[in-house]
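Thanks for asking me to look this one over. Here are my notes, in the order I would read them with the viewer open.

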Amino acid sequence: MVIGVPKEIKAEEHRVAITPAGVSALVSHGHRVVIERGAGAGSGLLDAEYRAAGAHLARGAAELWRAAELVLKVKEPLPSEYRYLRDGLLLFTYLHLAASAQLTQTLRAKKVTAIAYETIQLDDGSLPLLAPMSEVAGRLSVQVGSWCLEKPNGGAGILLGGASGVRPAKVVVLGAGISGANACQIATGVGAHVSVLDINPARLRYLHDILGGQLTTVMSNRANIEEEVANADLVIGAVLIAGAKAPHLVSRKVVRAMKPGAAIVDIAIDQGGCIETSHPTTHDQPIYLAERVVHYCVTNMPAIVPRTSTFALTNVTLSYALELAGKGFKRAVRESLPLQRGVNVLAGHVTHVGVAEAFNLEHAAIDRLV
């Protein structure tokens, strides 16, 4: 199979979908890998390294998309890339379709076979291709949240860990999944007072145990969310419903009740955000003030640490790319339920329940299409 890896064009996106070692693995299995010139530069991976691994270098995006049967990306195609989409093209990337009606409709109209990293799901409910980026985003959320609390950025001028004789900041984490757990780990590590809310008592018990009781666990319901958020210096939104639009857990009214100069980091923004006052931002302009609270809502947070993120991503995507390329799409999804769950759009049909529900579209069962 011919596998194409384009250069990412999203604002301040420096990740790339594969490392030279990943190229070498694909080539050793008999596949042809075409990568756009400069695609890995932002992650410190040079064209010469890809060439040495066996990749062919494309001069531009048009040449690459035209040659590829399977396109590996990091982020969803942007409108300027829609012209490259075509019937039968196999697209494997983070899609987050529940937050984009335009992209969903375009993939349907172009009859692209679209597989989303974030909805590939194992039988135990885990999301193996989302996990590494959730880990990175969770750890970064505390780092950028601390920056948001600095006075020059509109924050109240609070140090997360406090100082001798001065109380530490109160950090509230909504969601105890992978990103939330990593946020808790970093926030407790710097000495903040941390509360985490989730609807799953087992996850709360797990976090309490692994962090040695250094945080407060709270069952998530409206009353508890409102109370915790109102008293917070930093709120980290880390809620995820696989493939579906994130629920608004914090209303504008509750944000209005927060302390002036408090901060919100909405990790869930790539699925629409879990805070009513959130809207997507970029690394160029990552923050804004709403209701006197600093909001950080960058949709591709891990892109600010692209080298770490690129290697972490390739570690988990490569085996699935090999499966798709080696067996072909139909056989691969017939033999792999995780891959089957990852298919969002096929032959003009929406095949993921969460995406269909987000836009009131008819859901087509994938097993009837392959």
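1. A word on pairing before the sheet itself: two strands count as paired if DSSP finds at least two bridges between them. Strand β14 (residues 343–346) and β15 are joined by 2 bridges and run antiparallel. Within this pair, V345 stands opposite V350 in β15. Please keep in mind throughout that this is a predicted model.

2. Now the sheet as a whole. It is open, has 8 strands with mixed pairing, and follows the order β3-β2-β1-β4-β5-β6-β14-β15. Which strands form the edges? They are β3 (56–58) and β15 (349–350), each of which pairs on one side only. Helix α10 packs on this sheet, where it touches β1 (2–5), β4 (70–72), β5 (90–93) and β6 (113–116). The direction of α10 makes about 170 degrees with that of β5.

3. Helix α10 (residues 306–327) also has a helical partner, α5 (residues 131–148): their axes come within 8 Å and cross at roughly 155 degrees. Angles over 145 degrees count as roughly antiparallel, and α5 and α10 are therefore roughly antiparallel to each other. On the α5 side the contact involves P132, M133 and V136, and these meet S309, A312, L313 and V316 in α10. By class, the residues of this contact are 6 nonpolar and 1 polar, with no charged ones.

4. Helix α5 turns up again at the largest pocket, where it gives the most to the lining, with 4 residues. The volume of this pocket is about 960 Å³. Its lining has 44 residues, and those nearest the centre are G177, S179, A238, V239 and L240. The elements that give two or more residues to this lining are α5, α6 (178–189) and β8 (193–198). How does the lining of the largest pocket divide by class, and how many of its residues are charged? There are 26 nonpolar, 13 polar and 5 charged residues.

5. If you plan to look at the second largest pocket as well, about 310 Å³ of space lies there. It is lined by 20 residues, of which K10, E76, A99, S100 and T299 are the closest to its centre. The lining of the second largest pocket comprises 9 nonpolar, 6 polar and 5 charged residues.

6. To tie the points together, α10 is the element to follow from one to the next: this helix packs on the sheet and meets α5 through residues such as L313 and V316. From there α5 leads on to the lining of the largest pocket.

Key: Residues are numbered from 1 along each chain as its sequence is written. This is a predicted model: local features need pLDDT of at least 70, side-chain atom pairs count only at pLDDT 80 or more; totals for chains, interfaces and linings use all residues. Side-chain values use heavy atoms; hydrogens and water are left out. Axes are lines fitted to C-alpha atoms, for helices over the stretch in contact, and angles run from 0 to 180 degrees between N-to-C directions. Angles under 35 degrees count as roughly parallel, over 145 as roughly antiparallel, 65 to 115 as roughly perpendicular and the rest as oblique. Contact means heavy atoms within 4.5 Å. Ala, Val, Leu, Ile, Met, Phe, Trp, Tyr, Cys and Pro count as nonpolar, Asp, Glu, Lys and Arg as charged, and the others, Gly among them, as polar. On a 1 Å grid over the protein atoms alone, a cavity is a set of points where a 1.4 Å probe fits but cannot get out, and a pocket is an open set with protein on both sides within 12 Å along at least five of seven lines; lining residues have an atom within 4 Å of a point. Grid points are joined across faces, edges and corners, and a volume is the space filled by probe spheres set on the points.
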